[in-house]
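Here is a short report on a protein model, for reading beside the sequence and the structure. It takes up a pocket, a core and the cysteines in turn.

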Amino acid sequence: MKAKAKTLGQNPLDKDRELKLVEWCLLRCGFDAEHARSVLTHWHDAHNLRSILKGHISGQTAEQIRLVAIKDFGSFRNHFNDLCERCYESLSVIFNAFEEHQQDKTGTQNI
């Protein structure tokens, strides 16, 4: 993703990780900063849940998140399916942005 960001004319920092690099790319594709961050929200949610539920945060915080997931979605499977669907929608926005930016740049349509 760092190469894509550079191709789009961005100069990412060495410390920037994948989600930040995607954000840089979206900015270069014409997204405003708030919209770019909101597109990546679901990916940050997935990353944070993985960290929290794999034991990186004390049991009380992780347990609270588990209880909310069950309350809101009925099961962990439903919660997981919902998160996957939101990430898929986000990924579609990202792919479309890259495709539209490429079309604008070349003046042709990729089929």
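Helix 6 gives four residues to the lining of the largest pocket, the largest share. The model is a predicted one. Helix 4 (41–56) and helix 5 (59–73) also give two or more residues each to this lining. The volume of this pocket is about 170 Å³.

Which residues line the largest pocket? They are Ala46, Leu49, Leu53, Ile65, Arg66, Ala69, Phe76, His79, Phe80 and Leu83. By type, the lining divides into eight nonpolar residues, one polar and one charged.

Next, the core. The largest nonpolar core has 13 residues. Leu26, Cys29, Phe31, Ile94 and Phe98 touch the most other members. Helix 2 (18–28), helix 3 (33–39) and helix 6 (76–106) each give two or more residues to this core. Take Phe31: leaving out residues up to four places away in sequence, Phe31 touches Leu26, Ala36, Val39, Val93 and Ala97.

Last, the cysteines. The disulfide count is zero. Why is Cys25 without a bond to Cys29? Their sulfurs are 6.7 Å apart, too far for a bond, and the sulfur of Cys29 is the closest cysteine sulfur to that of Cys25. Cys84 is in no disulfide either, with the nearest cysteine sulfur in Cys87.

| Cysteine | Nearest cysteine sulfur | Relative accessibility | Class |
|---|---|---|---|
| Cys25 | Cys29, 6.7 Å | 0% | buried |
| Cys84 | Cys87, 6.6 Å | 36% | partly exposed |

How values were computed
Residues are numbered from 1 along each chain as its sequence is written. This is a predicted model: local features need pLDDT of at least 70, side-chain atom pairs count only at pLDDT 80 or more; totals for chains, interfaces and linings use all residues. Side-chain values use heavy atoms; hydrogens and water are left out. A nonpolar core is a set of buried Ala, Val, Leu, Ile, Met, Phe, Trp, Tyr and Cys residues joined through side-chain atoms within 4.5 Å. Buried means under 20% relative accessible area, exposed over 50%, partly exposed in between (1.4 Å probe, protein chains only). Contact means heavy atoms within 4.5 Å. On a 1 Å grid over the protein atoms alone, a cavity is a set of points where a 1.4 Å probe fits but cannot get out, and a pocket is an open set with protein on both sides within 12 Å along at least five of seven lines; lining residues have an atom within 4 Å of a point. Grid points are joined across faces, edges and corners, and a volume is the space filled by probe spheres set on the points. Ala, Val, Leu, Ile, Met, Phe, Trp, Tyr, Cys and Pro count as nonpolar, Asp, Glu, Lys and Arg as charged, and the others, Gly among them, as polar. A disulfide is a pair of cysteine sulfur atoms within 2.5 Å.
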